[in-house]
Amino acid sequence: MEDTSSGVEDPPINDDGLTEAEEFDSLAGIIADGVVGAAGGLVGTAMMTVVFLIAQSLGAFNLDDFAILTELVGLTGYVPEVLFGFFIFLGGGMFPWPLLFASLKAYLPGQSDHVSGAFFGGAMWTGFVLAFYTGQSGLTLVLYAVLTLVAHVVYGIGLGAVFNYFSTRPDSIV
């Protein structure tokens with residue numbers, strides 16, 4: 001009997017009748033990926049905030065510095081400056097940074113999302129440390145640099161942990 005197969009395997013089809021590529025490119029898949037990224041960003045930013053609170057208790061960082069973000073968008077005097085600045089910071093941690101991480105994680109060092117996230121957070125720190133520098137000097141400057149680096153590495157680990165968790169779920173499309 002003759003082999004009539006083309007030598008090309010059919011793509012796997014899920015329960016909904018969609019191939020993996022179709023499921024990934026579907027609106028539901030894109031929204032699911034966005035929700036996973038936002039959840040990872042929320043977890044990472046929450047973990048980062050704990051480190052910022054430790055840094056504030058040591059005098060190396062001041063949460064009032066988030067008011068800088070409110071000033072940048074021109075809402076000083078119209079909204080509670082520190083709170084609004086923190087919400088801007090939280091929004092950045094939940095939306096654009098996880099999207100960038102999802103796009104770049106295949107190219108970052110590390111065999112797991114946790115480790116890749118730590119490197120990603122370290123890279124993000126280079127901009128933060130300059131943007132939020134408010135004149136610290138001496139030991140306070142060293143504490144500021146080290147603790148903000150730790151905060152960003154912790155953010156990346158939290159972000160990577162959520163990505164890892166959802167990518168290993170049997171019914172996940174991430």
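In the predicted model, ring pairs join Phe 52, Phe 61, Phe 66, Phe 86, Phe 89, Phe 128, Phe 132, Tyr 133 and Tyr 144 into a cluster. A search of the whole structure returns 19 aromatic pairs. In one of these, formed by Phe 61 and Phe 66, the ring centres lie 5.9 Å apart and the planes are inclined at 75°, so the pair is edge-to-face; the cut-off for this class is an angle over 60 degrees. Both members are buried: Phe 61 has a relative accessible area of 3%, and Phe 66 has a relative accessible area of 1%.

Phe 61 also pairs with Tyr 144, with ring centres 6.4 Å apart. The planes of these two rings meet at 15°, so this pair is classed as stacked, the limit for stacking being under 30 degrees. The pair of Phe 61 and Tyr 144 connects distant parts of the chain, 83 residues apart. Phe 61 is located in the loop between helix H2 (27–57) and helix H3 (67–72), whereas Tyr 144 belongs to helix H7 (residues 138–167). Tyr 144 is buried as well, its relative accessible area being 1%.

Helix H7 also packs against helices H5 and H6. The axes of H6 and H7 come within 6 Å of each other and cross at roughly 145°, and the crossing is right-handed. The contact of H6 with H7 comprises 15 nonpolar, 10 polar and 1 charged residues.

Gly 121 lies in helix H6 (residues 113–131). With a relative accessibility of 0%, Gly 121 is counted as buried. The C-alpha atom of Gly 121 is separated by 7.4 Å from that of Val 154, although the two residues are 33 residues apart along the chain. Leaving aside residues up to four places away in sequence, Gly 121 touches His 152, Val 153 and Gly 156.

For H5 and H7, the packing angle is about 65° and the axes are 11 Å apart. The two helices are therefore roughly perpendicular to each other, the range for this class being 65 to 115 degrees. H5 passes H7 in a right-handed crossing. On the H5 side, Trp 97, Pro 98, Phe 101 and Ala 102 take part in the contact; on the H7 side, the residues are Tyr 155, Leu 159, Gly 160 and Phe 163. By class, the contact of H5 with H7 contains 7 nonpolar residues, 1 polar residue and no charged residues.

H5 (residues 96–104) also packs against helix H4 (residues 81–94), at an angle of about 20° and with the axes 3 Å apart. At this angle H4 is roughly parallel to H5, since angles under 35 degrees fall in that class. H4 contributes Gly 91, Gly 92, Gly 93 and Met 94 to the contact, and H5 contributes Pro 96, Trp 97 and Pro 98. The residues of the contact of H4 with H5 divide into 4 nonpolar and 3 polar, with no charged residue. Trp 97 and Pro 98 are thus named both in the contact of H5 with H4 and in the contact of H5 with H7.

Technical notes
Residues are numbered from 1 along each chain as its sequence is written. This is a predicted model: local features need pLDDT of at least 70, side-chain atom pairs count only at pLDDT 80 or more; totals for chains, interfaces and linings use all residues. Side-chain values use heavy atoms; hydrogens and water are left out. Axes are lines fitted to C-alpha atoms, for helices over the stretch in contact, and angles run from 0 to 180 degrees between N-to-C directions. Helices (H or I, at least four residues) and strands (E, at least two) are DSSP runs, numbered from the N terminus. Angles under 35 degrees count as roughly parallel, over 145 as roughly antiparallel, 65 to 115 as roughly perpendicular and the rest as oblique. Contact means heavy atoms within 4.5 Å. Ala, Val, Leu, Ile, Met, Phe, Trp, Tyr, Cys and Pro count as nonpolar, Asp, Glu, Lys and Arg as charged, and the others, Gly among them, as polar. Rings of Phe, Tyr and Trp (its six-membered ring) pair if their centres lie within 6.5 Å; planes under 30 degrees apart count as stacked, over 60 as edge-to-face and the rest as tilted. Buried means under 20% relative accessible area, exposed over 50%, partly exposed in between (1.4 Å probe, protein chains only). A crossing is left-handed if the near helix is turned anticlockwise from the far one by less than a right angle, and right-handed if clockwise.
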